[in-house]
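Open the model in your viewer and keep the selection box at hand. Each stop below gives something to select and says what to look for.

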Amino acid sequence: MQFNNKNIIDKLTEGEFLNHEEWMILLGELSDDDQSYLHEKAAEVARMHFGNGIFVRALLEISSYCRNNCYYCGIRCGNKNAQRYRLSKEEILECCKEGNILGFNTFVLQGGEDPHQTDEWIVDIVKSIRQAYPDKAITLSVGERSHEAYLAFKEAGANRFLLRHETRNDDHYLQLHPSSMSAEKRRDCLMTLKHLGFQTGSGMMIGSPGQTDEYLYEDIRFLEHLQPEMIGIGPFIPASNTPFENCSAGSAEKTTLIISLLRLRFPKALIPATTALSSLCHNGMEQAILAGANVVMPNISPAEQRKKYSIYNNKKSTGAESAQQMQQLEERLNAIGYHINYDRGDYNTFY
């Protein structure tokens, strides 16, 4: 049976079910012309739901310590050359104060699974931010925790939680993580977050070692099951002093392809133009937005600590990736026909 690739893209745009063969064509057999058509459709769908405004979130990297030893990550516990830091409560609140002045309405607290930043400590931080800024959205990205911890975070005032599943395929998961970690546990955490009412974010790296289009198909099926409100898609970039330090990076082309496919499959999802894509290529943010992304997360961490949160090589944290350079970000967005939207951008506002 012959397929017209643009017809498959149209089916996806219209919300129709795609079979395995159709997904595999989209993942691996599109011509340059087909991909341009895909990106145009995805950007059109994003504008239909969100207009030409791009939501901004203030990203605060709270710790470069981590108990885990993931093979791809520069802050893995086994990396003895990693520069370590952890922010104090006072430093976090000072960063939030600056973010508030700059006009941000979402704070994203991201860090390794730092044993010293306990569940109780996170609860105290969230309560303090919520008390100071009752109308802001608070997003956490602090890894795998217990049901009780997630519930406590929710009750303290957290609204959103980011936890990439990385890969749905269990064998591939074991290629990327030590045997002490479990793909099933990661998925259970995500389902718990959804059950507790968090706006939940998942996603995966594109081009990670061992990844195949078949694995990406499994990822899409898992996301269909999870129905996340946020989907983070970025390229794999090798990190020094890790088992994958000599592996090739994922491609920007494949990353933007997946962004567009997921925009069409999840038209109302919040999909960021990730820092990883901007670190891989100078116009990565623009490529992602023109492929259907609708969020950027400028870094508001203390300037002296930003380079220490080195989860992959050459990570960007200045220029448009810095919260202090919002004018530069606005100009870059304007150049491609978009602008900053400072609203909270909660998922449920688009129903």
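The tour of this predicted model goes from enclosed strands to a cavity, a small sheet, a helix and a pocket.

**Stop 1: strand β4**

Select residues 137–141, which make up β4. Are these residues buried or exposed? Five of the five are buried, so β4 is largely enclosed by the rest of the structure. In a regular strand the side chains alternate between the two faces of the sheet. Colour Ala-137, Thr-139 and Ser-141 for one side of β4, and Ile-138 and Leu-140 for the other; both faces are covered.

Now add β3, residues 106–111. Five bridges join β3 to β4, and the two strands run parallel. To find one of the pairings, select Phe-107, whose bridge partner in β4 is Ile-138.

**Stop 2: strand β6 and its partners**

Select residues 199–206 for β6. Eight of the eight residues are buried, so β6 too is largely enclosed by the rest of the structure. Show β5 (residues 160–162), which is joined to β6 by three bridges and runs parallel to it. Leu-162 has Gly-201 of β6 as its bridge partner.

Next, show β7, residues 230–235. The pairing of β6 with β7 is also parallel, over six bridges. Here Gly-203 has Gly-232 in β7 as its bridge partner.

**Stop 3: the largest cavity**

Rolling a probe the size of a water molecule over the atoms shows where empty space is left. How many cavities of 30 Å³ or more does the structure hold? There are three, and the largest contains about 1,100 Å³ of space. Of the 46 residues lining the largest cavity, select the ones closest to its centre: Gln-110, Ser-141, Arg-164, Glu-166 and Ile-311. The strands from the earlier stops return here, since the elements giving two or more residues to this lining are β2 (58–63), β3, β4, β5, β6, β7 and α11 (275–280). β7 gives the largest share, four residues. Sorted by class, the lining has 25 nonpolar, 12 polar and nine charged residues.

**Stop 4: a three-stranded sheet**

Select β8, β1 and β9, which form an open sheet in that order with parallel pairing. β8 and β9 stand at the edges with a single partner strand each, so one side of each is left without a neighbour in the sheet. Between β1 and β8 there are two bridges. Select Phe-55 to find its bridge partner in β8, Val-295.

**Stop 5: helix α13**

Keep that sheet on screen and select residues 326–335, the helix α13. Which residues of α13 are buried? They are Met-326, Leu-329, Glu-330, Arg-332 and Leu-333. These cover an arc of only 165 degrees around the axis, which puts them on the same side of α13. What covers them includes β1 (53–56), α12 (284–290), β8 (295–296) and β9 (339–341). On the face turned away from the buried side, look for the exposed residues Gln-327 and Ala-335. After α13 comes Gly-337, with a positive phi near 90 degrees.

**Stop 6: the largest pocket**

Finish with the largest pocket, which has a volume of about 160 Å³. Select its lining: Gly-74, Asn-79, Asn-81, Ala-82, Gln-83, Ser-240, Asn-241, Lys-307, Lys-308, Ser-310 and Asn-313. By class, this lining has one nonpolar, eight polar and two charged residues.

Definitions and conventions
Residues numbered from 1 in each chain as written. Predicted model: local features only at pLDDT ≥ 70, side-chain atom pairs only at ≥ 80, totals over all residues. Heavy atoms only, no water. Buried < 20%, exposed > 50% of the residue type's maximum accessible area, 1.4 Å probe, protein only. Arc of directions from axis to C-beta. Contact = heavy atoms within 4.5 Å. 1 Å grid on protein atoms, 1.4 Å probe; cavity = no way out; pocket = protein on both sides within 12 Å on 5 of 7 lines; lining within 4 Å. Points joined across faces, edges and corners; volume = space filled by probe spheres on them. Nonpolar A, V, L, I, M, F, W, Y, C, P; charged D, E, K, R; others polar. Pairing = 2+ DSSP bridges.
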